[in-house]
Amino acid sequence: MNELELIQRLRNGDEAAFKFLVENYQDRVFNTAIGIVQNAEDAEDVAQEVFIQVFRSIHAFKAESKLSTWIYRITTTRALDHLRNRKSKKRFGLLQRLFGDGNETLYEVPDFNHPGVTLDRKENAALLFKAIKQLPENQKIAFTLHKLEDLSYQEISEVMKTSVAAVESMMHRAKQNLKKALAESLEKKTKGEK
Amino acid sequence: MSRMNKQDKIEQILQSLDANQRVPAPDFFYTRLKARMEREFSDGKKNKAWILRPAYALVVLIMVLALNALVILKGSETPDLNNNDTETVQSIAAEYSLNDNNTLYDLIPEK
């Protein structure tokens, strides 16, 4: 089934076509989402929301870009929305603790262990994910798509609706910021060991 | 940790995702997705269904018409004070010396 045929069948509400789409894209969507939200359950939630949005708005898709580009765009947007919601909930929780009776439990978020990273790199990857969390949104998206989904700068520029030069610049700044955050993190670790 | 070691370590950390594998979606993803979609779509229909009921539309129409009529009738009415009311108001005003606006100034002694 080619892409145009798939889109047409999706527009006609063909369930088999939708199942085909989900089975073809679910790993890409889930992998991107887990890289951004850094939690498997949240990533599944995001992935479900992505396919529901695809199902609902396939009529609005003009096929000016590839279907995969459009799906990546929805995924990154949804994942960022999820992060924003989580942040606002966290802020609300903080307020509740401030004005509450102090009995609420404070949960520490554990370091994220990406399931796709080999065992010998797990410790380093956890440090890197912690640093990625601190990146500005556009740098986070560019870095995640490049590192986890192996997308080229050209593909990332299409997903983010920007130029290749802008993506290059984002990636450069992302690396600089990550180096800075990692240096601080290593510094703290060394001080902690002493 | 020396500066050189630290730089090496940072580079090593930055490369830690280079050989990673794509994480597959959890098992039965499609089944769960389908269940959620059915739930959401049926909830959506249920939520909106009451709007489409003729009885609801009729009630809303009657309420709007009644409200319009009320506004028109109230707007056309002029304040109508009958004589009894006016007399009562005047007697109360006289009793409390409210008719004379200069009362306050009368109390101030003239120099």
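**A friendly note on the two-chain model**

1. Let's start where the chains meet: 33 residues of chain A are in contact with 23 residues of chain B. On the chain A side, helix 2, helix 3 (40-57), helix 5 (122-133) and helix 8 (164-193) each give two or more residues. Helix 2 of chain A makes the largest share, with eight residues. Sorted by class, the side of chain A that touches chain B holds 17 nonpolar, eight polar and eight charged residues.

2. Please keep in mind that this is a predicted model. The average pLDDT of chain A is 89, and 91% of its residues score at least 70. Within chain A, helix 7 (residues 153-159) has the highest confidence, at a mean of 97, while helix 4 has the lowest, at 87.

3. Now to the layout of chain A. The domain assignment splits chain A into domain 1, covering 1-109, and domain 2, covering 111-194. Taken over C-alpha atoms, the centres of these two domains of chain A are 20 Å apart.

4. The domains of chain A also touch each other: 12 residues of domain 1 are in contact with 12 residues of domain 2. Helix 2 (15-37) and helix 4 (67-99) of chain A each supply at least two residues to the domain 1 side of this contact. That side of domain 1 is made up of three nonpolar, seven polar and two charged residues. Helix 2 of chain A is worth a second look, as it contributes at least two residues to the side of domain 1 that touches domain 2 and eight residues to the side of chain A that touches chain B.

5. Helix 5 of chain A, one of the elements giving two or more residues to the side that touches chain B, is a good one to check by eye. Its 12 residues should span 16 Å at 1.5 Å a residue, and the end C-alpha atoms are indeed 16 Å apart, so the two values agree.

6. Which residues of helix 5 of chain A are buried? They are A:Ala125, A:Leu127, A:Leu128, A:Ala131 and A:Ile132. These residues lie on the same side of helix 5 of chain A, because they cover an arc of only 160 degrees around the axis. As a reminder, an α-helix has 3.6 residues a turn, so residues three or four places apart point the same way.

7. Finally, the partner. Chain B contains five helices and zero strands, and reads α-α-α-α-α along the sequence. Of its 111 residues, 7% count as buried.

Note on methods. Residues numbered from 1 in each chain as written. Chains lettered and ligands numbered in written order. Predicted model: local features only at pLDDT ≥ 70, side-chain atom pairs only at ≥ 80, totals over all residues. Domains from an automatic or database assignment. Contact = placed C-beta atoms within 7 Å. Helix = DSSP H or I, 4+ residues; strand = E, 2+ residues; numbered from the N terminus. Nonpolar A, V, L, I, M, F, W, Y, C, P; charged D, E, K, R; others polar. Expected span 1.5 Å × (residues − 1). Buried ≥ 20, exposed ≤ 12 C-beta atoms within 10 Å, placed from the backbone. Arc of directions from axis to C-beta. pLDDT = per-residue confidence, 0-100.
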